[in-house]
Amino acid sequence: MTNTQEIEIEIRSLHTVQELEDVRKLESNIWGEHDSTPTHQTLTVVKNGGVMLGAYCNGKLVGFQYSFPGFNGQSVYLCSHMLGIDKMFRNNGIGEKLKQAQRKEAIKLGYSHITWTYDPLESINAYLNITKLGGICTTYMENCYGEMEDLLNNGIPSDRFLVEWPVFQRKEKSYQWKETDMEFVQKKSLIQWKVDEKGLPILSFSLPLPEQEHTKAFVAIPKDFRALKEGNMEAARKWRLVTRGIFSKLMKQGWQVTDFIRNSEEEMPVQFYVCSKK
């Protein structure tokens, strides 16, 4: 399914043992893990300030979002731990619906902001988290979860961006990047690439970090990182390590990820992060 107009999605909070058991089964199907989150744990969390949201299509659970309270020593926030969509229902805007419902629940419960992590090389997640939701990333977490053996993460260090999303604030509308901007962005990207015979982006070289007077920096990532891992794992690992170095250095120098550019050119197998000075 790829057309949001063809399906109707209902989002609701989940509380019962059976509802949470259905989530556990869906989680296992998505990630291919036998050690999915136990129902007794999610039940305890939703009774103590956490949130479990389910996305239903014709009465069938097709997606979920799981959060629990977090505390950093100064403030309490909602820690968004897991969001999963049945593979047959992806690219239908369900992830955004779940996040917006999560925001409403967070406000009801009195949280000021939501945090979560995601793989910075997953372009679909980047577009949702940064461009559509307005999250900000200032922290790069190297091999955040250690070596993971599930279907989505196996074979690659689990590096993550930490997203911060204030629930009461709306980020100003992002600049509308046009096709005419792409040549400039491509030229200025701190990562340059070439395309192999399979149409996959092979990292070629990286440029020096921008000078202090610059206000924008662009970093290319693969448009389809999962396809790259399946087609050329060595190239995928190189993308991980080189982008790790660039993002880590940028953030240490006071840069933050503030936007993400999707391009419609089929022959360009990359998309771009936009970093700005704090």
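Trainee: Which elements do the buried residues of helix 4 pack against?

Mentor: In this predicted model, the buried residues of helix 4 pack against helix 3 (94-109), strand 5 (113-118), strand 6, strand 10 (216-222), strand 11 (255-261) and strand 12 (270-277). The buried residues themselves are Ser123, Ala126, Leu128, Asn129 and Ile130. After helix 4 comes Gly134, with a positive phi near 85°.

Trainee: Why is Tyr127 called partly exposed?

Mentor: Tyr127 belongs to helix 4 (residues 123-132). Its relative accessibility is 22%, and the partly exposed class lies between the limits of 20% and 50%; Tyr127 therefore counts as partly exposed. Apart from neighbours within four places in sequence, Tyr127 is in contact with Lys132, Phe260 and Arg262. Its C-alpha lies 16 Å from that of Ser276, from which Tyr127 is separated by 149 residues in sequence.

Trainee: What makes Val219 buried?

Mentor: Val219, in strand 10, has a relative accessible area of 0%. Buried means under 20%, so Val219 is classed as buried. Leaving aside neighbours within four places in sequence, Val219 is in contact with Ser189, Leu190, Ile191, Ile246, Phe247, Leu250, Gln271, Phe272 and Tyr273. Val219 and Gly146 are 73 residues apart in sequence, and their C-alpha atoms are 24 Å apart in space.

Trainee: Which residues of helix 7 are buried?

Mentor: They are Ala235, Ala236, Trp239, Arg240, Thr243, Arg244, Ile246, Phe247, Ser248, Leu250 and Met251. Ile246, Phe247 and Leu250 are also among the contacts of Val219.

Trainee: How do you know that the length of helix 7 agrees with its number of residues?

Mentor: Helix 7 (residues 233-252) has 20 residues, and at 1.5 Å a residue it should span 28 Å. The expected span takes one less than the number of residues. The end C-alpha atoms are 29 Å apart, which agrees with the expected value. Helix 7 is followed by Gly254, whose phi is positive, near 95°.

Trainee: Why is helix 1 described as oblique to helix 2?

Mentor: Helix 1 (residues 17-31) and helix 2 (residues 39-46) pack at an angle of about 125°, and their axes are 9 Å apart. Angles of 65 to 115 degrees count as roughly perpendicular and those over 145 as roughly antiparallel; the angle here falls in neither range, so helix 1 is oblique to helix 2. The crossing is right-handed.

Trainee: Which residues make the contact of helix 1 with helix 2?

Mentor: Helix 1 contributes Val17, Leu20, Glu21 and Arg24, and helix 2 contributes Thr39, Thr42, Leu43 and Val46. These residues divide into four nonpolar, two polar and two charged.

Trainee: Is Asn58 exposed or buried, and what makes it so?

Mentor: The relative accessibility of Asn58 is 78%. Exposed means over 50%, so Asn58 counts as exposed. Asn58 is found in the loop between strand 2 (51-57) and strand 3 (60-71). Although not a glycine, Asn58 has a positive phi of about 55°.

Trainee: Why is Asn143 called partly exposed?

Mentor: Asn143 has a relative accessible area of 27%. With the limits at 20% and 50%, Asn143 is therefore partly exposed. Asn143 lies in the loop between strand 6 (136-141) and strand 7 (160-166). Its phi is positive, about 45°, although Asn143 is not a glycine.

Methods: Residues are numbered from 1 along each chain as its sequence is written. This is a predicted model: local features need pLDDT of at least 70, side-chain atom pairs count only at pLDDT 80 or more; totals for chains, interfaces and linings use all residues. Side-chain values use heavy atoms; hydrogens and water are left out. Axes are lines fitted to C-alpha atoms, for helices over the stretch in contact, and angles run from 0 to 180 degrees between N-to-C directions. Helices (H or I, at least four residues) and strands (E, at least two) are DSSP runs, numbered from the N terminus. Angles under 35 degrees count as roughly parallel, over 145 as roughly antiparallel, 65 to 115 as roughly perpendicular and the rest as oblique. A crossing is left-handed if the near helix is turned anticlockwise from the far one by less than a right angle, and right-handed if clockwise. Contact means heavy atoms within 4.5 Å. Ala, Val, Leu, Ile, Met, Phe, Trp, Tyr, Cys and Pro count as nonpolar, Asp, Glu, Lys and Arg as charged, and the others, Gly among them, as polar. Buried means under 20% relative accessible area, exposed over 50%, partly exposed in between (1.4 Å probe, protein chains only).
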